[in-house]
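Biologist: I have a protein model open and would like to learn how to read it. Could you take me through the reasoning, one step at a time?

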Amino acid sequence: MTSWEIERLRGFIGDAQDGKRFVLQGGDCAETLADCRAEQITNKLKILLQMSLVLVHGLRKPVVRVGRLAGQYAKPRSSAVETRRVDGQEVSLPSYFGDLVNRAEFDAASRRPDPHLMVRGYQHAAMTLNFIRSLLDGGFADVHHPEYWDLSFFADASLPPERRAAYEQVSRSLAEAVEFMEALGEARVDELTRVEFFTSHEALNLHYETSQTRRVPHRAGWFDLTTHLPWIGERTRALDGAHVEYMRGIANPVGVKLGPKTDPAEAVALTEALNPGNERGKLVLITRMGAGNVDAALPGIVRAVTDAGRRVLWVSDPMHGNGMVTAEGVKTRHFDSIADELRKTCAVHRDVGSVLGGVHFELTGEDVTECIGGASGVTEQHLTRNYVSPCDPRLNYQQSLELAFILSDLLRNGGATSA
Ligand code: PEP
Ligand code: CO
């Protein structure tokens, strides 16, 4: 990571606060070291690119792409201990805290925290980033050739024909618009077509973050060079906690997750602690209420922060408040609840007069069966077919693309088309 990229993202977040850009943040709940492979990374970039294309087309504004990648290796857990039945015996071991801390396999050696994993995490993050940079430099994301981003299973029969047609229509019309502007000699076209990617992860493991925090020449302050946009999770955002203390000392833009129990005054206090100068582009508030809690919990928080005159970028994470466990004990999320939280969150911002400037998803470019619902037709019975996530369930490729269309419609005309 370089400080100038971090500052560039800060500028973009400032633009998104003003409603001039939109932030699309997404990726795995937990990246694993084993998944640091070309195909996996490429597929994740492809789905983020495809979604961003749908949003650019619908919103008529540039989209800032931020992956949960190249360092999303540390996971907060509700319980420090996990108990399972092994050979008829109850066995309790430390929970899996992500590949930066320990291993997912359920045995004592795997679950023992291993500091060397931080070095391996660093190496894998660097390899991931290096691969992304060379893909982008090589023209992989060239807007003139959106067909490069088609996933191998794009023609799969499970993508409903009307979705495929809608996406093809969007990508064709954008490619034509780019050609048209170039034909006019429009100077700004370069800025519109250059595709950039930024990285983000939950800055949970402060050993990892602090050891890569540096001063850089010609710039004031300290930069967390592990990522462009670190965020603080819902479980570690205590005002007097170590994570807020660390994050208030860095020059990166920072995110904070806010759940349904957030007291509005606490949200305002967090904005004061993390951005005392009330600077543009510095702070991202990522609300993750749960569809059923949005109406009761969100308006108070948004009003309090707005009335206090605090500058923030409002981002909706419709994933983390909508978890459920099936009768068989499988963790999943329903597509309809995810879409519902987005719909309700948009409505709250419209009512208050604030700007919803971004979204935060857990998704993958693979054809997994982890979330249920959506046109892809994944049901509870399908969940075991291709459930890969070691942590939270992710939207698969079709569900992600479908959600991009729903979101685009919601932001453009309040969801009149998809309602
Ligand atoms: C996450 O983003 O994976 C996560 C654990 O989120 P939250 O802190 O909102 O629960
Ligand atoms: Co998660």
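Modeller: Gladly! Let's start with confidence: pLDDT is the predictor's confidence in each residue, on a scale from 0 to 100. This model is predicted, and the protein chain has an average pLDDT of 91, with 92% of its residues scoring at least 70.

Biologist: Where in the protein chain is confidence lowest, and where is it highest?

Modeller: The lowest is helix α6 (residues 189–193), with a mean of 59, while β10 is the highest, at 99. Where pLDDT is low, the predicted coordinates should not be read in detail.

Biologist: How many helices and strands does the protein chain have?

Modeller: There are twelve helices and 14 strands in the protein chain.

Biologist: What makes the protein chain count as compact as a globular protein of its length?

Modeller: Set one value against the other: the radius of gyration is 21 Å, and the globule rule gives 22 Å for 419 residues. The two are close, so the chain is as compact as a globular protein of that length. For a picture of its extent, the C-alpha trace spans about 70 × 50 × 45 Å along its principal axes. Buried residues make up 55% of the 419.

Biologist: Now for single residues. Why is serine 316 called buried?

Modeller: Buried means under 20% relative accessible area. Serine 316 has 0% relative accessibility, so it counts as buried. Serine 316 is part of strand β11 (residues 313–316). Leaving out residues up to four places away in sequence, serine 316 touches several others, among them Thr287, Leu342 and His360.

Biologist: Why is arginine 60 called exposed?

Modeller: The cut-off for exposed is over 50%. Arginine 60 reaches 62% relative accessibility, so it counts as exposed. You will find arginine 60 in the loop between α2 (38–59) and β2 (63–68).

Biologist: What makes the phi of arginine 60 worth a second look?

Modeller: Most residues other than glycine have a negative phi. Arginine 60 is not a glycine, yet its phi is positive, at about 60 degrees. Asparagine 278 also has a positive phi, near 50 degrees, and is likewise a residue other than glycine. Asparagine 278 is in the loop between α9 (264–274) and β10 (283–287).

Biologist: Why is alanine 375 called partly exposed?

Modeller: Partly exposed lies between the 20% and 50% limits. Alanine 375 has a relative accessible area of 40%, so partly exposed is the right term. Its place is the loop between β14 (356–362) and α12 (397–413).

Biologist: How do you know that alanine 375 is in contact with Pro160?

Modeller: Contact means heavy atoms within 4.5 Å. Beyond its neighbours within four places in sequence, alanine 375 is in contact with Pro160 and Glu402. Alanine 375 and proline 160 are 215 residues apart along the chain, and their C-alpha atoms are separated by 6.9 Å.

Biologist: And arginine 103: why is this residue called partly exposed?

Modeller: The limits are again 20% and 50%. Arginine 103 has 27% relative accessibility, so it counts as partly exposed. Arginine 103 is in the loop between β4 (89–94) and α3 (108–111). Not counting residues up to four places away in sequence, arginine 103 touches residues including Leu33, Tyr96 and Arg120. The C-alpha atoms of arginine 103 and proline 113, ten residues apart along the chain, are separated by 8.0 Å.

Note on methods. Residues numbered from 1 in each chain as written. Chains lettered and ligands numbered in written order. Predicted model: local features only at pLDDT ≥ 70, side-chain atom pairs only at ≥ 80, totals over all residues. Heavy atoms only, no water. Helix = DSSP H or I, 4+ residues; strand = E, 2+ residues; numbered from the N terminus. Buried < 20%, exposed > 50% of the residue type's maximum accessible area, 1.4 Å probe, protein only. Rg over C-alpha atoms; globule rule 2.2 N^0.38 Å.
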